[in-house]
Amino acid sequence: MGGMGFRDNELFNLALLSRQAWKLLNETESLSARLLKAIYYPDVSLLQAELGSHPSQIWRAILDGRDVLAQGVVRRIGDGASTRIWDHNWIPRASYKRPIASLVTAPPLRVADLIETTTASWREDLIRTVFTTFDAEAILKIPLCTRRVADFWSWGEDSRGKFSVGSAYRMLVRTKYDRVGWLEEREEPSSSEGDNSEWRAIWKIEVPSKIKVFLW
């Protein structure tokens, strides 16, 4: 980390652990994945798993990696059937990857509810009714597949969606820098102009202030 190329060993170790979590998330039929799921999270997904009352050191380490993975992983939308609108990361943007708020009291729960299956297109009127303008514009930019395929997990820190320890490490370094910058009240806490523009857009959204503070 820094101009001389020194590496932050703590962050690099977390990046290595996130690689193990990525394998568990995507290679669900492997022996290790099936074994860990049976012991620690039989009824939920890895991203929802909890520490439990008698965790091993291996499980503790995997959850540390899982928490890193959760910051950068995002659902790629096929038919939308297996992606939960309010619980999954599925909006591919640098900031918050879920919708910020619903504008209706009983919003749809699955991304599939937002898709017109006969034309493989977004139900734009419904989306603009349910979501803030900030979220609606981001959702409508997501390309949809004309073939019926299942949703899948992708790595948002890589343009091809492929996970790598290097990209996870860079994400952690960037996050650390941003947070330290915010605490030190730097003028530009985000590391890119794209991040800054998204955060400025969030602060302009017509939602309660507590939601904006939570997102920040």
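**Aromatic pairs and nonpolar cores in a predicted model**

The rings of this chain form 7 aromatic pairs, and I should say at once that what we have in front of us is a predicted model. Let me take one of these pairs to begin with, that of tyrosine 40 and tryptophan 59, whose ring centres lie 4.6 Å apart and whose planes meet at 5°, so the two rings count as stacked. Tyrosine 40 belongs to helix 2, which covers residues 31–40, while tryptophan 59 belongs to helix 3, so this pair ties together parts of the chain that are 19 residues apart in sequence. As for how much of each residue is covered, tyrosine 40 is partly exposed, with a relative accessible area of 23%, whereas tryptophan 59 is buried, with a value of 0%.

Tryptophan 59 also forms a stacked pair with tyrosine 41, and here the distance from centre to centre is 5.6 Å and the angle between the planes is 10°. Tyrosine 41 sits in the loop between helix 2 and helix 3, and tryptophan 59 in helix 3, so this pair ties together parts that are 18 residues apart in sequence. Is tyrosine 41 buried or exposed? With a relative accessible area of 4%, tyrosine 41 is buried, because the cut-off for that word is anything under 20%.

Elsewhere, ring pairs join Trp22, Trp155 and Phe163 into a cluster, and there is a contact of another kind at tryptophan 153, where arginine 75 lies over the face of the ring, 4.7 Å from the ring centre.

Let me step back now to the chain as a whole. Its secondary structure consists of 8 helices and 4 strands, and, if you follow the chain from the N terminus, the order of these elements is α-α-α-β-β-β-α-α-β-α-α-α. Of the 216 residues, 40% are buried, and the chain exposes about 13,000 Å², of which carbon and sulfur atoms supply 53%. If we consider the contacts with a separation of 6 or more, 57% of them are between residues 24 or more positions apart.

Which residues have the most contacts inside the largest nonpolar core? That core has 26 residues, and the ones in question are Leu24, Tyr41, Leu46, Trp59, Leu69, Trp155 and Phe163, so that tyrosine 41 and tryptophan 59, which we have just met as a stacked pair, appear here again. Two or more residues of this core come from each of helix 1 (9–26), helix 2, helix 3, strand 4 (152–155) and helix 6 (165–183). There is also a second, separate core of 16 residues, which includes Ile85, Trp90, Ile127 and Phe131.

Helix 3 deserves a longer look. At 1.5 Å a residue, its 16 residues should span 22 Å, and the C-alpha atoms at its ends are 24 Å apart, which agrees with that expectation. The buried residues in helix 3 are Trp59, Ile62, Leu63, Gly65, Arg66, Val68, Leu69 and Gly72. Leucine 69, setting aside its neighbours within four places in sequence, is in contact with Ser18, Ala21, Trp22, Leu25, Trp155 and Phe163, a list that takes in Trp22, Trp155 and Phe163 of the ring cluster.

Valine 68 is found in helix 3 too, which runs over residues 57–72, and valine 68 is buried, with a relative accessible area of 4%. Apart from its neighbours within four places in sequence, valine 68 is in contact with Leu14, Ser18, Met171 and Leu172. From C-alpha to C-alpha, valine 68 and methionine 171 are 9.1 Å apart in space, although 103 residues separate them in sequence.

Two residues in loops remain. Where is glycine 156? Glycine 156 lies in the loop between strand 4 and helix 6, and, at 35% relative accessibility, it counts as partly exposed. Leaving out neighbours within four places in sequence, glycine 156 is in contact with Gly72 and Val74, and its C-alpha is 9.6 Å from that of serine 167, which is 11 residues away in sequence.

The other is alanine 120, placed in the loop between strand 2 (115–116) and strand 3 (121–122). Its phi is near 50°, a positive value in a residue other than glycine. Such a value invites a second look, because most residues other than glycine have a negative phi.

Technical notes: Residues are numbered from 1 along each chain as its sequence is written. This is a predicted model: local features need pLDDT of at least 70, side-chain atom pairs count only at pLDDT 80 or more; totals for chains, interfaces and linings use all residues. Side-chain values use heavy atoms; hydrogens and water are left out. Buried means under 20% relative accessible area, exposed over 50%, partly exposed in between (1.4 Å probe, protein chains only). Contact means heavy atoms within 4.5 Å. Rings of Phe, Tyr and Trp (its six-membered ring) pair if their centres lie within 6.5 Å; planes under 30 degrees apart count as stacked, over 60 as edge-to-face and the rest as tilted. A charge sits over a ring if NZ of Lys or CZ of Arg is within 6 Å of the ring centre and within 35 degrees of the ring normal. A nonpolar core is a set of buried Ala, Val, Leu, Ile, Met, Phe, Trp, Tyr and Cys residues joined through side-chain atoms within 4.5 Å. Accessible areas come from the Shrake-Rupley method with a 1.4 Å probe; for residues, only the protein chains shown count as cover. The expected span of a helix is 1.5 Å times one less than its number of residues.
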